[in-house]
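Subject: Structure handover

Hello,

Here is the structure we discussed, for your files. My notes follow below it.

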Amino acid sequence: MAGASVCLLTHLFHIPAVQAAEGEGKLVYIIPVEKEVERGLEAFLQRTTQEAAEENADHIVFEIDTPGGRVDAAGQIAEMLQNVEIPTTAFITNEALSAGSYIALNTDNIYMKPQATMGASGVINSDGTAADKKAQSAWIASMKSAATSKDRDPLYAEAMANPAIDLPEYGAPEGEFLTLGPTMAVEVGYAEAVVNHRTELLAKLGLQGAELVETETTLAEEIARFLTNPVVVPILLSLASIGLIVELYSPGFGIPGSIGLLSLVLFFYGHIVAGLAGYEAIILLVLGIIMIIVELFVPGGIIGLLGIGAVVGALFMSSADMGHMAMSIGIALIVSIIVSVILFKTIGLEKGFFKNIILKDATTTEQGYVSSINRLDLIGLEGKSLTMLRPSGTAVFNDERLDVVTEGAFVEKDSPVKIVKTEGSRIVVRQIKNHLTQEDEK
């Protein structure tokens, strides 16, 4: 009996030692999935999972805390996760909503903290309105496929994205999206267990003695994630257009133009780092800017239109979502028009670049410029018509032949006439009636 007790105690004390050594020699990558799901996050996950594969990692843990984000980015991330040959685990530390739940469903295992949630995955447009039926149908199918691919019941994935599914027992009656807490997630088979922290998670996975590599976003990736945010993109394009327009009304090249160029540079920098824009987009942008500058000095308009088209084309080449880019460009265009109208009404075209291309000099009489000599000294002179005036013709005054015009009446040749008005080169005459009678009266 005593011997059996000793053996039992020895066995009990031996178990922790075995468990402690269970994960030794293994490599685990910890990759955070935080903030909004967008193309910058996709680039970060592509880099870190590739790095884990190159280092022959034994397991990848994605620590998820995201409210969701872009469907296209989530789709790319899901495809990447499906192709990863290393075992993957989603550890939901706070929330995995919308696109975040889709990412979690594409991993091999899901663990949740006691306060964590996942679901509420209805797809909406960038303006907050519900997406069309085609987009909703495609997203629901993607959610179901993700669950099925990891042997999970697709009903609950569908209920996360389709409010028509009636699951009142899980707090999602018809008309409401399903959101699972940790207990319900374990009950329906969407989560393996509820854990309080990473150490407990690693123990559940049998990796408590493994070497951990905690990945972090680089400064460039953080900047790229911010700059490619769907809210930031239209702001950058609006700042770029406003800065360049204000610069046209400012003398020299100063702060407005610098802000405009910096906004444009930041836009393309973020999209290049995120892997959305290539050097072909930069080349097209530079060519467009050059053509627009050339248009300022070469009349015609064709070169300028081609330049604008090249810049817009470069923007679309740098976008993963044509609809969102079109909306962003539209917002920037509207803002530009408003700013242009305000500047034109307050400043006009008398300052900045416009003053160099608009003719402002005037040849006024006060400055000594006259289009023709106004012969005011002729008014009152009397003479004789040398030709018939119908109503224009020729008359002579003090031996000077002049081209004249009557006030509208016809005057016979050799009739006495009097100059009554001069308007530049136009000399107006009037026939003298009863000329002899007037002389006799004198």
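Which residue follows helix 2, and what is the sign of its phi? The residue is asparagine 56, with a positive phi near 55°. Please keep in mind that this is a predicted model.

Helix 2 covers residues 39-54. Its 16 residues should span 22 Å at 1.5 Å a residue, and the end C-alpha atoms lie 23 Å apart, so the two values agree. At the start of the helix, the backbone nitrogen of glycine 40 has a side-chain oxygen of glutamate 38 within 2.6 Å. Buried positions in helix 2 include Leu41, Phe44, Leu45, Thr48 and Ala52. The packing partners of the buried residues in this helix are strand 1 (27-34), strand 2 (59-66), helix 3 and helix 9 (219-227).

Leu45 also appears in the largest nonpolar core, which has 53 residues. Together with Ile110, Met118, Leu178 and Tyr190, Leu45 touches the most other members. Helix 3 (residues 71-83) supplies the largest share of this core, six residues. Another core, of 17 residues, lies apart from it; Val232, Leu236, Phe268 and Ala281 are among its members.

Leaving out residues up to four places away in sequence, isoleucine 110 has contacts that include Ile92, Leu105, Met118, Arg152 and Tyr190.

Proline 163 sits in the loop between helix 6 (154-161) and strand 6 (179-180). With a relative accessible area of 26%, proline 163 is partly exposed. Its C-alpha is 4.8 Å from that of glutamate 176, although the two are 13 residues apart in sequence. Under the exclusion of residues up to four places away, proline 163 touches Pro173, Glu174, Gly175, Glu176 and Phe177.

Regards

Conventions
Residues are numbered from 1 along each chain as its sequence is written. This is a predicted model: local features need pLDDT of at least 70, side-chain atom pairs count only at pLDDT 80 or more; totals for chains, interfaces and linings use all residues. Side-chain values use heavy atoms; hydrogens and water are left out. A nonpolar core is a set of buried Ala, Val, Leu, Ile, Met, Phe, Trp, Tyr and Cys residues joined through side-chain atoms within 4.5 Å. Buried means under 20% relative accessible area, exposed over 50%, partly exposed in between (1.4 Å probe, protein chains only). Helices (H or I, at least four residues) and strands (E, at least two) are DSSP runs, numbered from the N terminus. Contact means heavy atoms within 4.5 Å. The expected span of a helix is 1.5 Å times one less than its number of residues. A polar contact is a pair of N or O atoms within 3.5 Å; within protein, one must be able to donate a hydrogen and the other to accept it, and residues adjacent in sequence count only if both atoms are side-chain atoms.
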